[in-house]
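Please read this short report alongside the sequence and the 3D view, and find each residue as it is mentioned.

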Amino acid sequence: MGRHTLTGLLTAQNRQQQDWTADYRFYSHRRVRPHTLFTTARQAVETALAPDAPLVVGVDDSLLPKTGRRVQGTAWRRDPQGPPFQVQFTWAQRVLQFSVARPLGTEGAVRMVPIDFVHAPTPTRPRKGADAATQAAYVEAAKAANLVALAQRRLVALRAQVPAVRRIHVVGDGRYSNKTLLRKCPPGMVYIGRIRKDSALFHPPPAQPATGRKRIYGAKALTPEQLRQAEDQPWQTVRAYACGKVHEFRVKVLADVRSPLCGAQPVQAVVIAPLGYRLRQGGKLLYRQPAYLLCTDPALALAQLVQEYLWRWDIEVNFREEKTLLGVGQAPVRVPASVEGVPALAVGAYALLQVAALDTYGDTGQPEAVPLPQWRRRHPPARATTGRLINQLRYELWASALRPESLAGFTARSAPDLKPEKLPPHLASATFYATN
């Protein structure tokens, strides 16, 4: 019920007058095993999938703001929330996360469940005038700590954990669409990600020379932006779920081409036309930016490709809920093992919370112990929100301590009164309806 720190956890357990060192040693001595929680969540999602359905994994990174200068792995990072006209930096810890799509009952709706969360620090640059061996060691360490290289190694580990018969579709943004990841993708893995609008694409070579090196690329194909503007390339319409309902998207596809990002592997490039929207009813029609995608499977259905790319946005929702509702990154720990273990364990608990809610209430079910507030009943959420699941968990843990017989009427509906009596705060309502 406040900042999510280790001392706050002790206070919630009524242990503020007891020795606290064991709780800190639990993390600093590497006794925590977050990968066990993530493995349980991933296996639960795989059980809910059809035997021939792919495991759609979203990959992204985020920053956990810090204030301590001695926290291991922290550094000045570019702030993604800074204004577009000025580069802004923040002192933060960088993390990498994988989330897997768990289909819901609604057509095309999913919930992204975290299945991996790792600390991604960068090595400290040596002082000016350091010897050549120190400089060379730093260069090698920087290459190994590269965020995309780390993602590639974690994908190799994920491929080893998932059965070989289950295909894996990885969805990422433009940061991960490069040679480091695309040319080293494990077998049985398909990548879908954004590319630049001027990315070079080539047709396959019509024939190979009799002597000399074999050709990989043929004639140069249209760039994604040229494909969008080409009038002789027809638009296709596909239906995909996004923002609570099914939309129609206009797309163009350039199939069976080759990209320097993937080498000789055939790929397909997809252009999604910008969508029109209005800020208010009757307002001016505005347009968003077009999206340019690259898929390493040239035979993947266009509707499936667009839908899986749209699912990736839910990993951004994961980051927002982890940092705001669960307070990931708020614990002031400095030991390297604790810096890695404390936020990872919180994200693992978040993953199990989502899986347990789906198993308990179904794909679209809602908790009923704590009814929705009056202002949410007209437009109830399509799925159980994380804030409501936390309130439900509080109810199950604390209701008996607050005397269950006193909870019969604290959610009773009453007639609206423009001048209600000033009442003192109600403990049950303040506890079970608390919003983080």
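Ser199 counts as buried because its relative accessibility is 15%, where buried means under 20% relative accessible area, exposed over 50% and partly exposed in between, computed with a 1.4 Å probe and protein chains only. This is a predicted model, in which local features need pLDDT of at least 70 and side-chain atom pairs count only at pLDDT 80 or more, while totals for chains, interfaces and linings use all residues. Residues are numbered from 1 along each chain as its sequence is written, and side-chain values use heavy atoms, with hydrogens and water left out.

Ser199 lies in the loop between strand E6 (189-194) and helix H7 (224-229); helices (H or I, at least four residues) and strands (E, at least two) are DSSP runs, numbered from the N terminus. Leaving aside residues up to four places away in sequence, Ser199 touches Thr223 and Pro224, a contact being heavy atoms within 4.5 Å. The side chain of Ser199 also reaches the backbone oxygen of Arg196 at 2.9 Å.

Backbone angles are the next topic. Most residues other than glycine have a negative phi, yet Arg30 and Cys243, neither of them a glycine, have positive values. The table sets out these two residues.

| Residue | Phi | Loop between | Relative accessibility |
|---|---|---|---|
| Arg30 | about 55° | helix H2 (21-28) and helix H3 (34-48) | 46%, partly exposed |
| Cys243 | near 55° | strand E7 (236-242) and strand E8 (245-258) | 82%, exposed |

A positive phi, of about 85°, is also taken by Gly362, just after helix H10. How far apart are the end C-alpha atoms of H10 (residues 336-361)? They are 38 Å apart, which agrees with the span of 38 Å that its 26 residues should have at 1.5 Å a residue, since the expected span is 1.5 Å times one less than the number of residues.

H10 is also part of what covers the buried residues of helix H9 (residues 314-324), together with other elements that include strand E1 (55-65), strand E4 (110-119) and helix H11 (386-398). Among those buried residues of H9 are Ile315, Val317 and Phe319, as well as Asp314 and Glu321.

Val87 is found in the loop between strand E2 (74-78) and strand E3, and because its relative accessibility is 42%, Val87 counts as partly exposed.

Terms used: A polar contact is a pair of N or O atoms within 3.5 Å; within protein, one must be able to donate a hydrogen and the other to accept it, and residues adjacent in sequence count only if both atoms are side-chain atoms.
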